[in-house]
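Let's take a walk through this protein together. Have the sequence and the 3D view handy, and follow along residue by residue.

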Amino acid sequence: MASRAIWRSASRFRNFHVCLCTHTLRQCGSSVSFSPTIADYLRRPSLPFLQPVIPVGAGFKSLGICGRYLSSSAAASTSTSDNQDKSSSSSKANSEGTQSSGGSQQSGSDAGKPVRGGPVSWLSFLLLLATGMGIIFYYDKEKKRHIEEISNASKAVKEGPSAGKAAIGGPFSLINHDDKPVTEKDFLGKWTMIYFGFTHCPDICPDELQKLAAAVDKIKEKAGIEIVPVFISVDPERDTTEQVREYVKEFHPKLIGLTGTSDEIKKVARAYRVYYMKTAEEDSDYLVDHSIVMYLMDPNMEFVKFFGKNSDVDSLTGGVIKEIKQRKLKR
């Protein structure tokens, strides 16, 4: 009976000790076995009910059993946790492998399937291509039409009537070097070249009249056109009919010299847009500043073209012939 009671007490103590050790291990997070012996626990006042039941010698013998039990239980729990960790990691690895193998299988299966059409189908591509070609064709057509309109407009401007004639020329009444009255009507039916100057001009007027006389002869020689050269004085105070007669004879036998009163000269100069003005005077000797221009007038005494000082004999000859031929073609 006594031994049975001791065995019961030892079983209770062992269970109690296992429970106490397990609780402590859970709190500390460690699997280290407890170092205190059963005798120490028996000596504590907190366990008085075990002291009369368990002898001291039996307690040390139970210590080995309890230590082996605790060691084996701790090792078992450690191995169990390790096995659980390994199993969890292996299960994760297996799941990942399964997923990867599944993905590879899926990709493999997808590789075998026919690829579906992209976001742009052949029909939409053809429609887009047709639209682009239509836009390009439309703009090309509009561009050609616009260029045609500009070309037609420019041709119409070139071929159309002139906006107006230069307001050069007009009626006049003067006296020629033979002391006879002359008007613009006396030159109708003839091509005329008119030059304004004065007989006391030192160099410019003689040069221009020589150029005019040479051009008149060349025009007659090249084109067979008769040109009437006319000299109008802008110095009525000194250029009398006698002075003008002697002057024009020096240049060309067909050169006609005209003069008149101050008012008559002002009128004709204004009609032909000719500028003239007296310069520095010393007694009766002075110069007249004036425009250096030759005017080509048609048989109706209408202005055709003017030629300046920069035109030489050849350019003057060619320019006059060209203008006369163009006028004849238009008629």
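What follows is a tour that starts with the overall layout and then visits some individual side chains.

One thing to keep in mind from the start: this is a predicted model. The protein contains 8 helices and 9 strands. Of its 331 residues, 30% are buried. If you look at contacts between residues at least 6 apart in sequence, 70% of them join residues at least 24 apart.

A good place to settle in is helix 5, which covers residues 204-223. The helix has 20 residues and runs 28 Å from its first C-alpha to its last, close to the 28 Å expected at 1.5 Å a residue. Quite a few of its side chains are tucked away: Cys205, Pro206, Glu208, Leu209, Lys211, Leu212, Ala213, Ala215, Val216 and Ile219 are buried. What do these buried residues of helix 5 pack against? Their partners are strand 3 (191-197), strand 4 (227-233), helix 6 (241-248), strand 7 (285-290), strand 8 (294-297) and helix 8 (313-330). Just past the end of helix 5 you reach Gly224, which takes a positive phi of about 70°.

Glu208 deserves a stop of its own. This residue sits in helix 5, and it counts as buried because its relative accessible area is 5%. Leaving aside residues up to four places away in sequence, Glu208 touches Tyr195, Ile292, Met294 and Lys309.

Now for the cysteines. How many disulfides does a search of the whole structure find? The count is 0. A disulfide is a covalent bond between the sulfur atoms of two cysteines. Take Cys201: the closest cysteine sulfur, in Cys205, is 3.2 Å away, so the two are too far apart for a bond. The cut-off here is 2.5 Å between the sulfur atoms. Looking from the other side, Cys205 is in no disulfide either, with the sulfur of Cys201 as its nearest cysteine sulfur. Both cysteines are out of the way of solvent probes by the numbers: Cys201 is buried because its relative accessible area is 9%, and Cys205 is buried because its relative accessibility is 0%.

Next, the nonpolar interior. The largest nonpolar core has 52 residues, and those with the most contacts inside it are Met193, Phe196, Ile227, Ile232, Tyr272, Tyr295 and Val320. Helix 5 gives the most to this core, contributing 6 residues. Tyr272 is worth clicking on: not counting residues up to four places away in sequence, it touches Ile168, Gly169, Gly170, Phe172, Ile194, Phe196, Tyr295, Met297 and Met301.

That brings us to the rings. A pair of aromatic rings is described by the distance of the centres and the angle of the planes. The structure holds 6 aromatic pairs. In one of them, Phe231 and Tyr247 have ring centres 5.5 Å apart and planes at 45°, so the pair is tilted. This pair links distant parts of the chain, with Phe231 in strand 4 and Tyr247 in helix 6, 16 residues apart. Phe231 is buried because its relative accessibility is 0%, and Tyr247 is buried too, because its relative accessible area is 8%. Tyr295 and Phe303 form an edge-to-face pair, 6.2 Å centre to centre with 65° between the planes. Both Tyr295 and Phe303 are buried. Zoom out a little and ring pairs link Phe196, Tyr272, Tyr295 and Phe303 into a cluster.

Tyr286 has a ring with charged company. The charged end of Arg238 sits over this ring, 3.5 Å from its centre. Lys278 also lies over the face of Tyr286, at 4.7 Å from the ring centre.

Let's finish in the loops, with a couple of backbone oddities. Asp179 lies in the loop between strand 1 (173-176) and strand 2 (181-183), and it has a positive phi of about 65° although it is not a glycine. Arg273 is found in the loop between helix 7 (262-271) and strand 6 (276-282). Its phi is near 55°, again a positive value in a residue other than glycine. Is Arg273 buried or exposed? Arg273 is exposed, because its relative accessible area is 52%.

Notes: Residues are numbered from 1 along each chain as its sequence is written. This is a predicted model: local features need pLDDT of at least 70, side-chain atom pairs count only at pLDDT 80 or more; totals for chains, interfaces and linings use all residues. Side-chain values use heavy atoms; hydrogens and water are left out. Helices (H or I, at least four residues) and strands (E, at least two) are DSSP runs, numbered from the N terminus. The expected span of a helix is 1.5 Å times one less than its number of residues. Buried means under 20% relative accessible area, exposed over 50%, partly exposed in between (1.4 Å probe, protein chains only). Contact means heavy atoms within 4.5 Å. A nonpolar core is a set of buried Ala, Val, Leu, Ile, Met, Phe, Trp, Tyr and Cys residues joined through side-chain atoms within 4.5 Å. Rings of Phe, Tyr and Trp (its six-membered ring) pair if their centres lie within 6.5 Å; planes under 30 degrees apart count as stacked, over 60 as edge-to-face and the rest as tilted. A charge sits over a ring if NZ of Lys or CZ of Arg is within 6 Å of the ring centre and within 35 degrees of the ring normal.
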